[in-house]
Amino acid sequence: MTVSHATGGGVPLLRTENLAREYALAGAPVRAVRGVSLTIEQGEYAAIVGPSGCGKSSLLNLLGAIDRPTSGTVLLRGRDVSHMRDREATEFRLRHIGFVFQRFYLMPMLTALENVELPMAEAGAAKRARRARARELLSYVGLEARGGHRPAQLSGGEQQRVAIARALANEPALLLADEPTGELDARTGRDVIALFDQLNRDGVTIVVVTHDEVLARAARRVVHMVDGVIVSDERNGPGDVGGPPRTTISPALVDAASPFRRTPG
Amino acid sequence: MRATLAWSSLRRHPVRTALAMLGVAVSAAMLLDMVMLSSGMQVSFRALLTRQGFEVRLTPKGTLPFDTEARIARAASAESVLLAMPAVQAVSPVLGTTLHVVGDDGSAAAVFTLGIRPAIQGDYELLRGLDADAADRMVVNATFLARTGVAVGDTIVVAAGYDAQLRSWTARRRVLVSGEGRFHYLATGQAAAALPLSTVQFMVADAGTAPSDEVSLLMVKTQPGVDAEALRAGIERELPRVTAIATADAVKSVEQRLSYFRQLALILGTVSLAIGFLLVSTLMTVSVQERVGEMAVMRALGVSRPHIAQQVMLEGLVLSVVGAVGGLGLGLVTATYLNNILRAFPGLPAAIDFFVFEPRAAYQSLGMLVVTAVLAGAFPAWRAGSLPIATTLRSEAVS
């Protein structure tokens, strides 16, 4: 089954140039993202980590064309998504980007199958075709028997797996996940991490924002942000799922609130 | 899929949705009742006056039908003049008077009696039995039967012209109660009877010796395609001692008198629409507010602004249409109940209805409610479609 429009590794899929995002918060400007330049290659699995408020989610929103930068550009497959009009950006997200959120956000009155069908219906897929693909995707995430269940009848981990299947519905080029294990306990979180790992092995390019050390370790690459800028960009070795962290982060740059804070000794 | 989503959103809070639909139904019922009331009496009067196809009515000069005791003298001559007119197809003379039903013990009960020609009359509809087409046959209404205890098939004595000094009647007659009828122009609760015109004319004549040549009313049926107004004017020229009233003028006059009913209905109908609007608008605003996170995620997944807005509009529309359809039924029930209360008002013709159902009224009410629902859903829909995705997701994440 095709889960992504992947075309092979080594090819730049996503590139940001001097990306910046400022908000006005209670009248005061907040510089959430400051001059970030980043390249994500086809087939990569990158984790963006950093303390709360460092701009990770803001960066993810910019990468996913759900927010516009104050300055700079985001090029996805060579197309500048940062200056698209809303209609164009919406269509682009539908066809090329999959999103997974911390709170799953499944439609509560729809079944798992219908939830997965939702982006395909929006894309105009025929009912029979989208139903068949939704079944395949649910099977891929290990929930083939739960298609008829509503979100309230599923555990948190199962709901997140349905959300991942939904994100893959239109075979996106890029899967973006914002704290996908944030609402899960350690065991179900590990299932989701293993699923991301499998997805990446199957060719899906993944960028995940996380506080979860285990998830960050599972990624092939870890980008660390502090105060809206990238302070380190490291590559993990293969087979790091569950192993000790290999990303080197300068303790001086790590906020005291960071889940990656190193303890002495 | 949008329909599925809209329906599923409404099903998420079934009690709230049911209450909102009930609210819309009450609003729709009130609206339908007001639409029915605004046109009901007009329709009812028009139907009453045009029921038997008599387009012109002749009364004694300066009076309305049965407005006074005045009568048209030389009725036979007037009838001949009318029948000589090419535009006139038929003439129905009517003599109204009060007769008494005399019991074996000498007691008497008053009954308003119409002298008619059964073959060409428009005052009653025979419900059962035989018509008053013989000199001693009488058709009565249900009130008469109930008040006198007489049954169809009984023979009774009717009398006229009571002389208080002699304690006797100037005219008495045994008649057979041959049938029961529904009298269109007489008030509810009024005992009524119909006898052949000649019988009544005999009874009301002085000393009951020779028939009178008087009638209270002449109803004229025109030939097809005749201008009733022109005929009316022609009749008044030929018969200056009568007042001729065209049915169309009478209807117009009634409509003018009923304009306050329409104003009342318009105001109350507008209020009910406003209530429906606020109900749907409030519910949809609350519903959108509860789901901003979901909607922002749908936008992030690639669902377009118009589709989000359409979904919300659809929810409002489903709410309104289901409520309105239920409301139409409720409106008919309440209209029937209110109509029965108002029809019991003394002096009103039995055939008059205040609330008359016409399919047009239902379509109008439904149409107005649908438009209201679209307008009510417009703001919440616009709001849902305009949610800033990133900001909404950020605020949802910290909430």
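**Exercise 1. Confidence along chain B**

Task: In this predicted model, find which element of chain B has the lowest mean pLDDT and which has the highest.

Solution: Step one is to take the low end, where helix α7 (residues 247–257) of chain B has a mean pLDDT of 79. Step two is to take the high end, where strand β5 (residues 137–140) of chain B reaches 95. Step three is to set these beside the chain as a whole: chain B averages a pLDDT of 86, and 97% of its residues score at least 70. For the model, the scores are ipTM 0.83 and pTM 0.70.

**Exercise 2. Two helices of chain B**

Task: Determine how helix α10 (residues 305–343) of chain B and helix α11 (residues 359–385) of chain B are oriented to each other.

Solution: Begin with the axes, which come within 8 Å and cross at roughly 150°. Next, apply the cut-off: angles over 145 degrees count as roughly antiparallel. α10(B) and α11(B) are therefore roughly antiparallel to each other. Then add the handedness: the crossing in which α10(B) passes α11(B) is right-handed. Last, sort the residues of this contact between α10(B) and α11(B): 20 are nonpolar, five are polar and one is charged.

**Exercise 3. An outline of chain A**

Task: State how many helices and strands chain A has, what percentage of its residues is buried, and what percentage of its contacts with a separation of 6 or more joins residues 24 or more positions apart.

Solution: First, count the elements: chain A has seven helices and 10 strands. Second, turn to burial: of the 265 residues in chain A, 51% are buried. Third, consider the contacts in chain A with a separation of 6 or more: 69% of them are between residues 24 or more positions apart.

Conventions: Residues are numbered from 1 along each chain as its sequence is written. Chains are lettered from A and ligands numbered from 1 in the order in which they are written. This is a predicted model: local features need pLDDT of at least 70, side-chain atom pairs count only at pLDDT 80 or more; totals for chains, interfaces and linings use all residues. pLDDT is the predictor's confidence in each residue, from 0 to 100. Helices (H or I, at least four residues) and strands (E, at least two) are DSSP runs, numbered from the N terminus. Axes are lines fitted to C-alpha atoms, for helices over the stretch in contact, and angles run from 0 to 180 degrees between N-to-C directions. Angles under 35 degrees count as roughly parallel, over 145 as roughly antiparallel, 65 to 115 as roughly perpendicular and the rest as oblique. A crossing is left-handed if the near helix is turned anticlockwise from the far one by less than a right angle, and right-handed if clockwise. Ala, Val, Leu, Ile, Met, Phe, Trp, Tyr, Cys and Pro count as nonpolar, Asp, Glu, Lys and Arg as charged, and the others, Gly among them, as polar. A residue is buried if 20 or more other C-beta atoms lie within 10 Å of its own, exposed if 12 or fewer, and partly exposed in between; C-beta atoms are placed from the backbone. Two residues are in contact if their C-beta atoms, placed from the backbone, lie within 7 Å.
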